[in-house]
Amino acid sequence: MVPSVSDDHDRPATPSRGAVGATRRGFLKAAGGGAAATAVAAPYVITSTALGNATTPPASDRIVMGGIGIGNMGGGDQGAFLSRPDVQYVAVCDVRQKWREQGKDKADAKNGNKDCAAYVDFRELLARDDIDAVHIATPDHWHAIMTIAACRSGKDVYLQKPETLTLREGPLMVAAARRYGRVVSGGSQRVLGDYRPIVDPCWAGEVGTIRSVHVALGAPSQPCYLPAQPTPPDIDWDLWLGPAPWEPYNSGRCDGNFGTGGNSWRSYVDYSGGSLTDWGAHHLGGAIFAADLRELQPVKATFHPEKNVTLTYPNGVELHYNRPPGDVPAGHAKVSHSAITIIGDGRPREAKPVPEYRDGEGNIYGDFIACVKTRGRPFRDIELAANSMTAPHLIGISLRLERSLQWDRAAQQFVNDAEANRLCDRARREPWIL
Amino acid sequence: MAFDSALLDAAFTALKAFDWGADAAAFKPIDEATIAAPGDAALRGDLEKRLTAVLGAGPSRAAKEYACRKLSMIGTAGAVPALAALLPDKDHSHMARFALERIGGPEAADALRRGLDGVAGDLRIGMISSLGARRDAASLPALTKLLAGDEKVAVAAAEALGMLATAEADAALAAAKLTDTKPSGAVAAAVVDARLACADAALAAGRRADARKIYESVGAAVGDAPKTHRDRAVRIAARRGLFATADETVASS
């Protein structure tokens, strides 16, 4: 196993090019006379934004970013990165014209020019060597292919949740991130932000040793049989589908609203895991974080006749999907918030510091950028995200097969279960390969 | 649970007439039978026979796609001929692979391998990717041959060899006479990525010396002063590997 070395020895701990401390600004300052100065001085024009000012770092110290998938959520991510003075936003990519144009307009307005590039094909954006990092907010079926391609291109990645659509994808994305020394952050801002009423007492040891976690969550995605509609001219439908099976265009199939009830891609099995993974990334992610299970994967999924599932972790903690806790044993402690209830044995334990974002501002975007600069691991590092996403995937397969399963983390397979193993991944539509 | 044959008959009649937009509720007996089939050999055999019949002439693309999805869950070697017949058809090749990629046993892999010769372009790339996803070692000669051909196919062949990640796969990658020899070329890049995957697999398997040779080779090719993000990333990969393999090399020197 290649060691998980977080330092990128080939990249200085600031985003400037070349040797540590050598910025374009520094070079220009140093070229104060002689031939070098002459070669630099004329006809070179230095803009005020390039040099930076009191609130904006010089261009050479900014992280150059582009965005892939600039719809509802991607537009929000773009806004967050655009608002940062340490990011230079230079490119958008979306298969839909309206998102592409909107994304470009937003970046141009912020930058005060018309220079933001707008691509249909993400490979063209990734081929740009001036781009340091990308944010990805496409439908889920594209996440793994794009993230791995970005890593191979030497880009760091901020990837929207749910990070994976299948079990096979997680380890491949982690391998790519580690192999190429990339910072890859998953994108659930809720995991740290929304569940503090349970995170804090759990990490403070007030609940004692955690015994069970209960999460209320929606259903998995379903097949889509929507009828064909004429394909509008402003969407590249073949590229929207990408590795997913070909099916005819229908606005309900590909609408990016946040619904999972049949009127958006989040509802359908070829593009999403449904509410189970979509909200599961948040609620299960939050529960797994509160219970300090992020480094682990479940070993068992027990299917119950009521069509809900219990996951068992190697340390004995049980995570229940849609199984309310019932009466709490005497002496035990219970904390609840939102869709999550956690029960511990009530015997106070030593407190552990809650992992936080590295930007010091409580912002997942800042956390990513801070890690890009320092080459650290973000709060929702892809390995932690992939571990967390194992939970909804195991639940989903258990529900689909209507039986219990045993999971071997080392082999990344179900134990003696050829049928379940068929569902670890799916063939991708040519020419896309994972 | 015994399945009512009449209910399945009705469901399959509906399936054969199905197209996108129609009510899929009629398929519920098939959905339920698919879940029960692995535990009932007779039901499984019956279901497979009915599903493969949908793959013939007549039923729509939507109907065939549904059948392929079900066969991906319960199909056996018995389904392979009907699925293989769809591989050369651009409208059905992917969903045939959707099933073949998941069906265990040599018959499915053989069908994909044989199918390589009958297609070109994207369909060939699809079959290559399925052979890679199956980790089909018997495909090594065929994949090796494809490294020298059309650029997109060669990229896919390199990717698939990287999925195999065996010593033999790496030997094929290292020896490949690429038509696209520029370091920045797509095929050369795919070969590098695949070799790094082979190296990481060798390291994980304890074959440190083999892994080290690959890291050294890849690192030497990208040089000490990489200028692009991509080359820097490759250099990082090589250096991490050399760091990981350093102990044994030092111990044995």
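At what angle do helix α12 (residues 186-204) of chain B and helix α13 (residues 208-222) of chain B pack? The model you are looking at is predicted, and in it the angle is about 155°, with the two axes 7 Å apart. Angles over 145 degrees count as roughly antiparallel, and α12(B) and α13(B) therefore are roughly antiparallel to each other. If you turn the view to look at how they cross, you will find that α12(B) passes α13(B) in a left-handed crossing.

Which residues make this contact? From α12(B) come Val192(B), Arg195(B), Leu196(B), Cys198(B), Ala199(B), Ala202(B) and Leu203(B), and from α13(B) come Arg208(B), Asp210(B), Ala211(B), Ile214(B), Tyr215(B) and Val218(B). Sorted by class, the contact has 10 nonpolar residues, three charged ones and no polar ones.

**A helix inside chain B**

Next, find α8(B). This helix has 13 residues and reaches 19 Å from its first C-alpha to its last, close to the 18 Å expected at 1.5 Å a residue. Is α8(B) largely enclosed or largely open? Of its 13 residues, 11 are buried, so α8(B) is largely enclosed by the rest of the structure. Among these buried residues are Leu123(B), Arg124(B), Ile125(B), Met127(B) and Ser129(B). The buried residues of α8(B) pack against four helices of chain B: α6, α7 (106-115), α9 (140-146) and α10. After α8(B) comes Arg135(B), with a positive phi near 55°.

**Where the two chains meet**

How many residues of chain B are in contact with chain A? There are 43 of them, and they meet 38 residues of chain A. Several helices of chain B each supply at least two residues to this side, namely α4 (61-74), α6 (93-100), α8 (121-133), α10 (151-164), α12 and α14 (229-252). The helix that gives the most is α14(B), with 12 residues. By class, the side of chain B that touches chain A divides into 19 nonpolar, 10 polar and 14 charged residues. Both helices discussed above, α8 and α12 of chain B, are among the contributors to this side.

**A look at chain A**

Chain A contains 17 helices and 14 strands. Of its 434 residues, 49% are buried. Among contacts in chain A between residues at least 6 apart in sequence, 70% join residues at least 24 apart.

Chain A also has some backbone details worth finding. Most residues other than glycine have a negative phi, and most peptide bonds are trans. The table lists four places in chain A that depart from this habit.

| Place | Backbone feature | Value |
|---|---|---|
| Lys161(A) to Pro162(A) | cis peptide bond | omega near -10° |
| Glu430(A) to Pro431(A) | cis peptide bond | omega about 10° |
| Asn322(A) | positive phi | phi near 60° |
| Asn416(A) | positive phi | phi near 45° |

Where do they sit? Pro162(A) lies in the loop between β5 (156-159) and α8 (169-179) of chain A, while Pro431(A) is in the segment after α17 (418-421) of chain A. Asn322(A) belongs to the loop between β10 (318-321) and β11 (333-337) of chain A, and Asn416(A) to the loop between β14 (413-414) and α17 of chain A.

The surroundings of the two asparagines can be described too. Asn322(A) has 19 other C-beta atoms within 10 Å, so this residue is partly exposed. Asn416(A) has 9 C-beta neighbours inside 10 Å and therefore counts as exposed.

Definitions and conventions. Residues numbered from 1 in each chain as written. Chains lettered and ligands numbered in written order. Predicted model: local features only at pLDDT ≥ 70, side-chain atom pairs only at ≥ 80, totals over all residues. Axes fitted to C-alpha atoms, helices over the stretch in contact; angles between N-to-C directions. Parallel < 35°, antiparallel > 145°, perpendicular 65-115°, else oblique. Left-handed = near helix turned anticlockwise from the far one by under 90°. Contact = placed C-beta atoms within 7 Å. Nonpolar A, V, L, I, M, F, W, Y, C, P; charged D, E, K, R; others polar. Expected span 1.5 Å × (residues − 1). Buried ≥ 20, exposed ≤ 12 C-beta atoms within 10 Å, placed from the backbone.
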